[in-house]
Amino acid sequence: MKVLKLILSKFQFRFLIRKKQLASLSLDSKISNEKLKEVTNKINSTSNIDKIIVDLKNDIAPLFKAEKVTIYAVDPVMQELFSKILDAGEIKEVRVPISNASIAGYAAYNLKVLNIQDVYDETELKKIGPNLKFNKKWDRNLLEESGFSTKQVLCAPICFKDRIFGVIQIINKIGGKAFANEDEKTIQEIASTLGIAFRNNAKNPHARFNQLIIQNLIKEEELKKATLHARQKKTDIESVLMEIYKVSKTDLGMCLGQFYGCKFVEYDDTVRLQDELFEGLSLVYMRKMVWIPIAASNGKLTILTDNPNDLKTGEIERLLKGKEFSFQIALKEDILKYIDLVERGYHTKSGMLNSIMTALGKEVVEEPEEETVIKTKQDVKETSNALIRLVDMIIIDAYKDGASDIHVEPDKVNKTVFVRFRIDGSCINYCELPIRYGSAILSRIKIMANLDIAEKRLPQDGKIVFFYNKKPIELRVATLPTVGAEDAVMRILATSSLFPLEELNLYDWNKKSFGKMISKPYGIILVVGPTGSGKTTTLHSALGHINTPEKKIWTAEDPVEITQKGLRQVEIKSKIDFTFARAMRSFLRADPDVIMVGEMRDFETSSIAIEASLTGHLVFSTLHTNSAPETVTRLIDIGLDPFSFADALLGVLAQRLVRNLCSACKEEYHPDKEEFEYLVGQFGGDDFAKLGIEYNSQLLLCKATGCEKCLDTGYKGRTGLHEVLVGTDAIKHLVQKKAPIEEITKQAKKDGMTTIYQDGIRKIFKGYTDLIQVKKVCMDVSLAS
């Protein structure tokens with residue numbers, strides 16, 4: 001009995017102890033829940049993210065019985081996490097990349113909670129992720145200052161509907177224990193609350209303009225007043241900031257672009273929006289929701305909106321299902337301007353022209369018939385707004401269409417001003433304007449080129465530097481008096497890019513022979529052809545091929561169209577008597593290895609070039625001749641010593657540019673036997689056999705059809721046709737005895753040369769072009785056979 005009482009007594013004692021423990025745990029839990037609620041309320045009542053990051057750490061740490069808390073926010077522009085710490089009264093910023101390489105970065109990148117018992121245990125870290133590492137420099141800095149060392153880390157992503165806003169990181173459980181499952185639940189609850197707060201802060205209009213305050217462009221109090229003013233006037237805050245507080249659109253764009261992490265776009269009335277972008281879309285709906293598609297490229301739509309984070313972006317994606325998107329930000333007023341353009345039809349070339357013509361009709365008076373009456377500068381100013389828009393539009397469209405020249409041709413017989421673009425070597429009509437605008441357009445072009453607008457009887461030459469999208473476009477202007485009017489031709493000298501030698505589409509033998517020439521230490525190499533045949537491009541490709549730090553390369557050009565690192569490039573200025581010949585003489589005193597002279601126009605320049613090539617320099621130049629053999633006889637005819645020229649000559653490359661068949665719409669077909677035999681005859685029967693092309697059922701040629709990309713012409717872009725004459729001993733001997741062109745051609749072909757026309761036939765069989773285009777740029781050479 002006594003034993004039974006003793007057992008019951010022990011049981012009651014244990015029960016009381018357990019009851020007290022449970023009561024204590026319940027009290028702890030109650031206190032913990034109250035503290036969690038208190039922290040949650042503080043988070044929800046704090047409108048400033050910086051205050052959450054800096055001030056609430058001390059409130060969160062006791063919930064986990066932890067030593068430290070770090071709260072990170074996302075920088076969408078830099079794709080980094082950043083936190084702020086208060087150090088000796090100064091706020092310092094800490095940044096971590098969003099990647100698998102760091103603990104906080106891993107949590108953000110993978111949207112996962114991490115509970116790490118020992119950050120110095122590399123095996124534990126590698127189990128989580130193979131690239132995960134703890135950056136020990138943080139501990140080294142803190143160890144020196146306070147003796148702190150990191151051990152346990154509990155980390156959770158701060159999200160709202162799977163959108164990452166930041167990361168919360170709890171460091172070191174007091175007592176050295178690992179963080180428990182209960183701690184993981186708590187951190188997720190806090191992270192969820194923080195996610196809502198961060199999301200609300202992003203929706204807060206003040207948050208978008210924080211950068212303006214940081215940059216001291218506006219004060220916080222002024223921002224509050226601007227918000228209140230915008231609400232009262234029922235307008236957007238951006239307009240108030242620009243109009244009343246004089247914040248520039250550029251600064252506003254920088255601020256918004258940084259906040260949303262995307263490109264800021266300003267309104268540009270020269271932008272052409274494609275009609276296809278608006279098929280099936282309601283302009284009324286776009287105006288109401290403030291968005292518009294502005295471009296489509298490689299299957300991706302670029303959408304302009306006033307708030308890329310708004311829920312309406314999801315509606316846009318549902319509306320335009322099945323497409324990729326790229327969102328960019330713009331001011332509401334600019335988006336509405338684009339919608340207005342589309343609504344009035346001004347987003348197309350014809351719509352824009354109609355708009356300008358309407359404005360000009362109100363401003364430009366009839367042009368006087370008498371030649372003695374000249375419009376003054378004041379007359380031009382009266383039509384400046386519409387006229388400037390018109391001339392700017394012509395230049396921009398020419399540049400965007402890849403034109404090399406713009407022709408403005410007033411025709412008083414037809415009472416029309418014709419504007420034409422030269423694209424890929426052919427002139428196409430751009431627009432036709434009433435004749436009464438002819439004089440005003442010419443005057444505007446002259447003003448831009450700093451020419452005399454009163455002088456209409458003599459030709460004038462000038463230059464325009466035009467800026468489009470902050471990029472300079474240089475135009476060479478020539479005005480010429482014609483019967484009853486005055487024409488203008490503008491050559492677009494937009495800076496070209498360097499073509500590698502391998503991309504010039506040289507036939508194997510030509511490429512090999514030309515490559516050997518340019519590798520020689522001295523001698524002269526000539527690239528010849530008519531104006532606009534790509535001679536400068538070929539020369540720069542050759543220079544680029546041999547351009548090394550060991551070589552000093554000087555070039556004299558008129559004008560400089562292609563720039564290269566390592567070249568010392570000089571632009572000829574004939575008005576001050578700085579000619580090619582003068583530049584060449586200067587180069588010889590400037591320790592050159594290689595010299596390129598833009599053109600050998602006269603005996604003086606040619607003789608200096610030959611002299612330079614005979615004294616240990618490699619010289620490149622151009623000439624306006626029709627073929628490589630003709631070049632040799634031309635230079636002898638202008639007076640060069642045939643023996644010196646023969647010694648210096650390495651070779652001549654002659655070329656033309658032929659229009660390519662449009663790759664988007666060209667159509668393959670099987671030629672009949674008659675067409676094949678004709679092409680063989682054009683090439684030369686004996687020479688054609690070397691190509692190894694036979695007539696069979698698999699033989700295919702290509703023909704033009706036409707599509708939107710090539711403006712229904714069937715052709716887009718150009719490629720080169722070449723012939724290479726190598727300065728062999730036999731050729732040099734013919735040069736010395738001043739042999740006729742026929743003998744030089746015959747010998748060059750024996751040495752391996754194929755003519756430009758033959759190269760054209762070869763490229764027909766390769767599918768690059770057709771016979772119509774080949775015959776447009778070079779002669780049907782009978783002596784090819």
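In which strand is the place of valine 658? The answer is strand S21, which covers residues 649-661, and that strand serves here as a way into a model that is predicted.

**The chain as a whole**

The chain has 785 residues, of which buried residues make up 46%, and its secondary structure comes to 31 helices and 24 strands. Of the contacts in the chain with a separation of 6 or more, 63% are accounted for by residues that are 24 or more positions apart.

**The mixed sheet and valine 658**

Strand S21 belongs to an open sheet of 7 strands, arranged in the order S18-S17-S19-S20-S16-S21-S24, and the pairing in this sheet is mixed. Its edges are formed by strand S18 (567-571) and strand S24 (715-726), each of which pairs on one side only, and from one strand to the next the twist averages 20 degrees. At the S18 edge, strand S17 (residues 553-557) runs parallel to S18 and is joined to it by 5 bridges; tryptophan 554, for instance, has arginine 568 in S18 as its bridge partner.

Valine 658 in S21 has a relative accessible area of 0% and is therefore buried. When its neighbours within four places in sequence are left aside, valine 658 is in contact with Gly717, Arg718, Thr719, Leu721, Thr769, Gln773, Val774 and Val777. One of these partners, threonine 769, is 111 residues apart from valine 658 in sequence, yet the two C-alpha atoms are 7.5 Å apart in space.

**Helices H24, H29 and H30**

Helix H24 (residues 628-637) and helix H29 (residues 741-750) have axes that come within 9 Å and cross at roughly 140 degrees. Why are H24 and H29 described as oblique to each other? An angle over 145 degrees would count as roughly antiparallel and one of 65 to 115 degrees as roughly perpendicular, and since the crossing is at roughly 140 degrees, the two helices are oblique. The crossing in which H24 passes H29 is right-handed. On the H24 side the contact is made by Pro629, Glu630, Val632 and Thr633, and on the H29 side by Ile741, Ile744 and Thr745; the residues of this contact divide into 4 nonpolar, 2 polar and 1 charged.

Helix H29 also holds glutamine 747, which at a relative accessible area of 19% is buried, because the cut-off for that class is under 20%. Apart from its neighbours within four places in sequence, glutamine 747 is in contact with Ala730, Ile731 and Leu734.

Helix H30 (residues 756-765) is mostly covered, with 10 of its 10 residues buried. The buried residues include the charged residues Asp759, Arg762 and Lys763, as well as Ile756, Tyr757, Ile761, Ile764 and Phe765. After H30 comes glycine 767, whose phi is positive and near 90 degrees.

**The antiparallel sheet and helix H19**

A further open sheet consists of 6 strands in the order S12-S11-S10-S15-S14-S13, and here the pairing is antiparallel. The edge strands, each pairing on one side only, are strand S12 (426-434) and strand S13 (460-468), and neighbouring strands of this sheet are turned by 20 degrees against each other on average, direction ignored. Strand S10 (residues 405-411) pairs with strand S11 (residues 416-423) in the antiparallel sense over 7 bridges, and among the partners across this pair, aspartate 405 has arginine 422 in S11 as its bridge partner. Helix H19 (residues 438-448) lies across S10, S11, S12, S13, strand S14 (471-482) and strand S15 (485-492), and it runs at about 45 degrees to S15.

**Two loop residues with positive phi**

Leucine 111 and valine 290 each have a positive phi in a residue other than glycine. The table sets out their places and values.

| Residue | Phi | Loop | Relative accessible area |
|---|---|---|---|
| Leucine 111 | near 55 degrees | between helix H4 (103-110) and strand S4 (114-116) | 36% |
| Valine 290 | near 60 degrees | between helix H13 (283-289) and strand S7 (291-297) | 6% |

With its value of 36%, leucine 111 is partly exposed, whereas valine 290, at 6% relative accessibility, counts as buried.

Terms used. Residues numbered from 1 in each chain as written. Predicted model: local features only at pLDDT ≥ 70, side-chain atom pairs only at ≥ 80, totals over all residues. Heavy atoms only, no water. Buried < 20%, exposed > 50% of the residue type's maximum accessible area, 1.4 Å probe, protein only. Helix = DSSP H or I, 4+ residues; strand = E, 2+ residues; numbered from the N terminus. Contact = heavy atoms within 4.5 Å. Axes fitted to C-alpha atoms, helices over the stretch in contact; angles between N-to-C directions. Parallel < 35°, antiparallel > 145°, perpendicular 65-115°, else oblique. Left-handed = near helix turned anticlockwise from the far one by under 90°. Pairing = 2+ DSSP bridges.
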